[in-house]
Amino acid sequence: MSSSQSLKIGIVGFGTFGQFLANTMIKQGHTLTATSRSDYSKLCLQMGIRFFRDITSFLDADMDVILLCTSISSLSEVVGSMPLNCLKRPTLFVDVLSVKEHPKNLLLRVLREESDILCTHPMFGKVSGKSGWQNLTFMYEKVRIRDEVTCSKFLQIFASEGCKMVEMSCEEHDKAAAKSQFITHTIGRALAEMDVKPTPIDTKGFQALVQLKEPVMGCSFDLYSGLFMHNRFARQELENLEHALHKVKEMLVQRMNEGQSPERTES
Ligand SMILES: NC(=O)c1ccc[n+]([C@@H]2O[C@H](COP(=O)([O-])OP(=O)(O)OC[C@H]3O[C@@H](n4cnc5c(N)ncnc54)[C@H](OP(=O)(O)O)[C@@H]3O)[C@@H](O)[C@H]2O)c1
């Protein structure tokens, strides 16, 4: 990558997902710094990343982008504890939280006018993205962008890996994600609760259900609960799921009560 394309990116929250993104960003030639609640200085040393335990020194480093990779539930506390007046110049703030209205509203409220805001959600993780990001979806909303050059260089990180780039509002994202991602995680967790395992006579459909468990259970409970607590559309979808399950059960009970038990039907 030419030096004019490379960015100085500071990652806040160097857990599973922060590290996952960092690997590709380093491979692409960007310069990374990081800070986190836990001490990742050894890992960062191995990866060639400057790690700051102290948030003020982190903000003091000269960065083009501050990439927020903290858990959904800790974002307010983490951003609230940043002495933002230490920033030396206008900076692009990007978040990758799996809910979108919450970070958008928070960042608009706390960041100064000169800070740009890009809200994003890479719709993949270390399991689905382990063999590359080709054809995986990357959602974003340019919430407040004045420096289009820095913003498009950042988006290029994902576009150049072959991601399907989807621009949509944070509200639209949360509506769709409550129906799709939240329901997927909920069913995956319910299957894990039932301890579903492969059997010697698995159908393809059942194999798909068993496979659903791995990526879902690989995500922290913080992440899953955040999908519910910080997405105003999630409660309704959970109710729809409960209602649907109840309705399906009712249909079976009704059939039994009509005297047509499965043993007596032909197919
Ligand atoms: N995992 C995925 O596949 C995926 C995909 C797309 C988007 N995301 C988003 O990426 C973000 C990170 O996800 P994740 O998978 O790494 O797991 P997570 O459990 O959602 O977040 C872990 C990160 O949050 C930090 N954190 C947690 N509680 C904190 C607190 N009270 N104060 C300060 N920092 C705190 C952790 O810091 P320490 O490690 O220093 O303790 C770690 O960096 C989330 O917002 C998630 O929605 C994840």
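**Exercise 1. How are helices H8 and H11 oriented in this predicted model, and which residues meet?**

*Step 1.* Start with the geometry: helix H8 covers residues 181-193 and helix H11 covers residues 234-257. Their axes lie 10 Å apart, and the packing angle is about 50 degrees.

*Step 2.* Now put a word to that angle. Angles under 35 degrees count as roughly parallel, and 65 to 115 as roughly perpendicular. H8 and H11 are therefore oblique to each other.

*Step 3.* Add the handedness: H8 and H11 cross in a right-handed way.

*Step 4.* Look for the touching residues. On the H8 side you will find Phe182, Ile183, Thr186 and Ile187, and these meet Ala234, Glu237, Leu238 and Leu241 of H11. Sorted by class, this contact has 6 nonpolar, 1 polar and 1 charged residues.

**Exercise 2. What is the orientation of H8 relative to H9, and which residues form the contact?**

*Step 1.* Helix H9 spans residues 204-217, and its axis comes within 8 Å of the H8 axis. The two axes cross at roughly 105 degrees.

*Step 2.* Angles from 65 to 115 degrees count as roughly perpendicular, so H8 and H9 are roughly perpendicular to each other.

*Step 3.* From H8, the contact takes in Thr184, His185, Ile187, Gly188, Arg189, Leu191 and Ala192. Their partners in H9 are Leu209, Leu212, Lys213, Val216 and Met217. By class, you get 7 nonpolar, 3 polar and 2 charged residues.

*Step 4.* Spot the link with the first exercise: Ile187 of H8 meets H11, and Ile187 also takes part in the contact with H9.

**Exercise 3. Is H7 roughly parallel or roughly perpendicular to H8?**

*Step 1.* Helix H7 runs over residues 170-179. The H7 and H8 axes come within 3 Å, crossing at roughly 25 degrees. That angle makes H7 roughly parallel to H8.

*Step 2.* Check the contact: Ala177, Ala178 and Lys179 in H7 meet Gln181, Phe182 and Ile183 in H8. The classes here are 4 nonpolar, 1 polar and 1 charged.

*Step 3.* Phe182 and Ile183 should look familiar, as they also appear in the contact with H11.

**Exercise 4. Which residues are closest to the ligand, and where do backbone atoms of Gly15, Ser38 and Ser71 lie relative to its oxygen atoms?**

*Step 1.* The ligand is surrounded by 26 residues, and the closest are Ser36, Ser38, Tyr40, Ser98 and Ser220.

*Step 2.* Go through the backbone N or O atoms. One from Ser38 is 2.7 Å from a ligand oxygen atom. For Ser71 the distance to a ligand oxygen atom is 2.8 Å, and for Gly15 it is 3.0 Å.

How values were computed:
Residues numbered from 1 in each chain as written. Predicted model: local features only at pLDDT ≥ 70, side-chain atom pairs only at ≥ 80, totals over all residues. Heavy atoms only, no water. Axes fitted to C-alpha atoms, helices over the stretch in contact; angles between N-to-C directions. Helix = DSSP H or I, 4+ residues; strand = E, 2+ residues; numbered from the N terminus. Parallel < 35°, antiparallel > 145°, perpendicular 65-115°, else oblique. Left-handed = near helix turned anticlockwise from the far one by under 90°. Contact = heavy atoms within 4.5 Å. Nonpolar A, V, L, I, M, F, W, Y, C, P; charged D, E, K, R; others polar. Near = heavy atom within 4 Å. Polar contact = N/O pair within 3.5 Å; in protein donor to acceptor, adjacent residues only side chain to side chain.
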